[in-house]
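Hi,

Here is the structure I said I would pass on. Have a look at it first, and my notes on what turned up are underneath.

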Amino acid sequence: TAETWFCVAEDGVPYYSRPDVAAKTDKIVTTGSKVIGKKEGEWIKETESQMYVPYKDSDTNKRLFKNERLIIYEQRKAAGEPGLARYHSTSSLGSSDGWDYPAPKRMTSVKS
C-alpha cells in the first residue's frame with residue numbers, strides 16, 4: 001500500500017531510476033515536498049513515476065523522509081496532546097509475558 005512521505009532532508013533528495021546509488025537522475029525532491037509511494041527496503045518507490053528516493057542518508061543514517069502518520073504523531077506529541085504513549089502489548093503472540101507459545105498447527109482435511 002502506498003503511503004504519503006514528506007521530505008525532511010536539509011537539502012533536496014535526488015531521484016534514482018532504480019534502487020542503486022549509481023542510477024541518480026536530474027530530478028530532485030525538495031525539502032517539505034511529499035512523495036506518494038511504497039517503502040522497499042532502504043528506498044521509497046514513487047507510485048506515479050516508478051522512480052526511487054533513498055529513505056535514509058547513506059553517510060549519516062539520518063532519515064530523509066517521514067511518513068504522514070509519523071508527522072501527525074510528532075505534531076500532536078509536541079502540542080502536548082494526552083494519550084500519545086506507546087504501550088507493550090500483552091495480548092498478542094510474541095509479547096514479553098514469559099510464555100513460550102507453540103506455532104499454530106496447520107489445518108488439514110482428511111478424505112475418507
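β1 and β4 (residues 34-40) pair in the antiparallel sense, with four bridges between them. One pair to look up there is Glu-3, whose bridge partner in β4 is Gly-37. β1 also runs antiparallel to β7 (residues 65-67), and three bridges join those two strands. In that pairing, Phe-6 stands opposite Lys-66 of β7. Bear in mind while you click around that this is a predicted model.

Stepping back to the whole chain: there are seven strands and one helix. Going from the N terminus, the order is β-β-β-β-β-β-β-α, so to speak. The chain has 112 residues, and 24% of them are buried. If you count contacts with a separation of 6 or more, 47% are between residues 24 or more positions apart. The accessible surface is about 9000 Å², and carbon and sulfur atoms hold 50% of that.

Now for the inside. The largest nonpolar core has 13 residues, and the ones with the most contacts within it are Val-13, Val-29, Ile-44, Val-53 and Phe-65. Both β1 (3-7) and β2 (13-16) put in at least two residues each. In soluble globular proteins, nonpolar side chains tend to be buried together. Val-13 is a good place to start looking: beyond its neighbours within four places in sequence, Val-13 is in contact with Cys-7, Lys-27, Ile-28, Val-29, Val-53, Pro-54, Leu-64 and Phe-65.

You will probably want the pocket too. The largest one has a volume of about 410 Å³. It is lined by 21 residues, and Lys-56, Asp-57, Ser-58, Lys-62 and Leu-64 are the closest to its centre. Among the elements, β2 gives the most to this lining, with three residues.

So where does Lys-56 lie? Lys-56 is in the loop between β6 (52-54) and β7. Is Lys-56 buried, partly exposed or exposed? Its relative accessibility is 28%, and because buried means under 20% and exposed over 50%, Lys-56 counts as partly exposed. Leaving out residues up to four places away in sequence, Lys-56 touches Glu-42, Asn-61, Lys-62, Arg-63 and Leu-64. Two of those contacts, Lys-62 and Leu-64, are also on the list of residues closest to the pocket centre. Ile-44 sits twelve residues from Lys-56 along the chain, and their C-alpha atoms are 9.9 Å apart.

Over to you now.

Cheers

How values were computed:
Residues numbered from 1 in each chain as written. Predicted model: local features only at pLDDT ≥ 70, side-chain atom pairs only at ≥ 80, totals over all residues. Heavy atoms only, no water. Buried < 20%, exposed > 50% of the residue type's maximum accessible area, 1.4 Å probe, protein only. Contact = heavy atoms within 4.5 Å. Areas by Shrake-Rupley, 256 points an atom, 1.4 Å probe, with all protein chains shown as cover. Core = buried A, V, L, I, M, F, W, Y, C linked by side-chain atoms within 4.5 Å. Pairing = 2+ DSSP bridges. 1 Å grid on protein atoms, 1.4 Å probe; cavity = no way out; pocket = protein on both sides within 12 Å on 5 of 7 lines; lining within 4 Å. Points joined across faces, edges and corners; volume = space filled by probe spheres on them.
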